[in-house]
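Here's a quick walk through one protein model, written for someone who has the coordinates open and wants to know where to look.

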Amino acid sequence: MLVDNLAGAKRAFTTRNVDLTQASRIGEASLAPGDVVVARVERVRQHTRLEDQYGRRVWLYPGDRLILVAAPRYSTAQYHADMPSDTGECHLVASGGIAAWVRDRSLQVKPATELTLEGVLLDKDGVALNLKRFQTLPAYEGVSNGRLSTVLVLGSDMDSGKTTTACATIKGLTNAGFRVQGAKLTGTGAGPDYWRMLDAGATHVSDFVDAGFASTSGATTDQILEVLARIHRQALERGNDLLVVEVADGVLQPETSALLASPVFTSFFDGVLVAGDNASAAAFVSERVAMAGMPILAISGALTRSPLAGREVTAATGLPVFTPDQLQSADVVQSVLAPLLRGGDVALGAVE
């Protein structure tokens with residue numbers, strides 16, 4: 001069996017839902033986003049390790065065979081990368097396991113680890129294995145928020161503190177006795193945010209990979225809304241009280257900007273937590289969110305490392321600023337996150 005021949009290959013986190021026993025051979029095919037591919041490491045550069053399907057970061061060496069997913073990437077802090085056009089030379093553009101061709105990069109990172117794409121995993125009928133075949137979210141039944149209170153965490157850019165804010169919110173609500181599901185709606189498939197939400201107390205974490213996307217770069221608004229609706233349905237079916245949804249990158253990222261222009265998206269959420277890496281950025285994001293008609297609950301993020309920056313943004317926006325530690329407290333849960341609770345369906349309880 002082919003799966004036996006791949007036993008020594010290092011398998012990426014983005015392939016965690018894939019049943020490799022369906023692979024019959026490695027072949028050439030016109031690549032589509034989400035195709036599962038086999039690549040060989042030629043030169044280790046920026047990414048020296050790969051997140052495997054269990055979340056462990058395994059070291060890479062020249063000659064290693066990797067099981068990855070072909071997909072584009074949009075990252076202002078790392079790589080802007082396109083789908084690989086064919087077998088042959090390509091790059092590892094994310095530690096979660098994305099094979100792509102680098103268009104340009106931030107000077108904050110080294111050139112990408114170099115790969116040779118050997119081919120695509122094909123089933124017995126010669127059809128490429130694609131993440132779309134291995135989706136784990138419930139079926140799509142239309143976009144309707146229903147009765148589950150849902151909060152959006154939106155940031156100014158990469159590394160603005162979005163995941164820290166989302167996890168602090170999950171922890172605070174969990175401390176107050178709520179069942180909370182975490183979700184990463186957009187971005188590039190990776191393990192750290194997924195595991196961090198679970199460690200914060202989320203009953204379950206879902207992301208776009210569970211809907212068949214290794215990356216949401218280039219995804220349409222309708223596609224992302226479908227992912228959101230399916231995650232929401234799952235959170236309801238699992239008996240959660242609240243859903244905390246993080247959107248990757250910043251408000252100027254094309255997919256995020258398009259979402260903010262969608263009335264369906266903006267009406268879905270009960271409130272927004274803004275994460276900013278500095279006061280000016282947080283004020284800008286808050287303005288964009290307000291223009292979209294979404295209620296802002298508070299501001300947090302990397303800027304809270306400076307009390308002065310917090311005072312600046314409060315003076316500019318009139319919005320409260322909370323550190324991640326404060327977002328975990330019972331007082332903040334009751335005073336700030338209470339607006340998330342729709343019509344008293346979920347009653348806030350005291351933290352023991």
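What follows is a tour of some salt bridges, a buried alanine, a surface patch and a strand pair.

## Before we start

Keep in mind that this is a predicted model. Everything below comes from computing on its atoms, so to speak, with no experiment behind the numbers.

## Salt bridges across the chain

Searching the whole structure turns up 14 salt bridges. As a general point, side chains with opposite charge can pair when their charged atoms come close. Take Glu118 and Arg65: their closest N and O atoms sit 2.8 Å apart in a salt bridge. Glu118 belongs to strand 11 and Arg65 to strand 6 (residues 65–70), so this pair ties together parts that are 53 residues apart in sequence. Both ends have some access to the outside: Glu118 is partly exposed at 27% relative accessibility, and Arg65 is partly exposed at 29%. These two also take part in something wider, since a network of salt bridges links Arg40, Glu42, Arg65 and Glu118.

Next up is Arg103 with Asp82, whose side chains meet in a salt bridge at 2.8 Å, N to O. Here the link runs between distant parts of the chain, from Arg103 in strand 10 to Asp82 in strand 8 (residues 79–82), 21 residues apart. Asp82 has a relative accessible area of 27%, which makes it partly exposed.

## A loop tied to a helix

Where do Glu141 and Arg233 lie, the two ends of another salt bridge? Their closest N and O atoms are 3.3 Å apart. Glu141 is in the loop between strand 11 and strand 12, while Arg233 is in helix 4 (residues 221–237), so the pair ties together parts that are 92 residues apart in sequence. Glu141 is exposed, with a relative accessible area of 63%, whereas Arg233 counts as partly exposed at 25%.

The loop between strand 11 (113–122) and strand 12 (149–155) also holds Val143. Val143 joins Tyr140 and Val264 in a nonpolar patch on the surface, and together they have about 220 Å² of accessible area. Val143 itself is partly exposed, at a relative accessible area of 30%.

## Ala112, tucked away

Is Ala112 buried or exposed? With a relative accessible area of 5%, Ala112 is buried, because the cut-off for buried is under 20%. You'll find Ala112 in the loop between strand 10 (98–105) and strand 11.

As for its surroundings, Ala112 touches Arg45, Gln46, Tyr79, His91, Leu92 and Val102, leaving aside residues up to four places away in sequence. Another residue to check is Ala94: its C-alpha atom is 8.9 Å from that of Ala112, and the two are 18 residues apart along the chain.

## Strands 16 and 17

How many of the residues of strand 17 (residues 296–300) are buried? Five of the five are, so strand 17 is largely enclosed by the rest of the structure.

Strand 17 pairs with strand 16 (residues 271–275) in the parallel sense, over four bridges. If you want a spot to zoom in on, Ala275 has Ser300 in strand 17 as its bridge partner. To get from strand 16 to strand 17, the chain crosses through helix 7 (residues 279–291), and this β-α-β crossover is right-handed.

Conventions: Residues are numbered from 1 along each chain as its sequence is written. This is a predicted model: local features need pLDDT of at least 70, side-chain atom pairs count only at pLDDT 80 or more; totals for chains, interfaces and linings use all residues. Side-chain values use heavy atoms; hydrogens and water are left out. Patches are made of residues with over 30% relative accessible area and no salt bridge: like charges are joined within 9 Å, nonpolar side chains (Val, Leu, Ile, Met, Phe, Trp, Tyr) within 5 Å. Accessible areas come from the Shrake-Rupley method with a 1.4 Å probe; for residues, only the protein chains shown count as cover. A salt bridge is a side-chain nitrogen of Lys or Arg within 4 Å of a carboxyl oxygen of Asp or Glu. Buried means under 20% relative accessible area, exposed over 50%, partly exposed in between (1.4 Å probe, protein chains only). Contact means heavy atoms within 4.5 Å. Two strands pair if DSSP finds at least two bridges between them. A crossover is right-handed if, with the strands pointing away from the viewer, the path from the first strand over the helix to the second runs clockwise.
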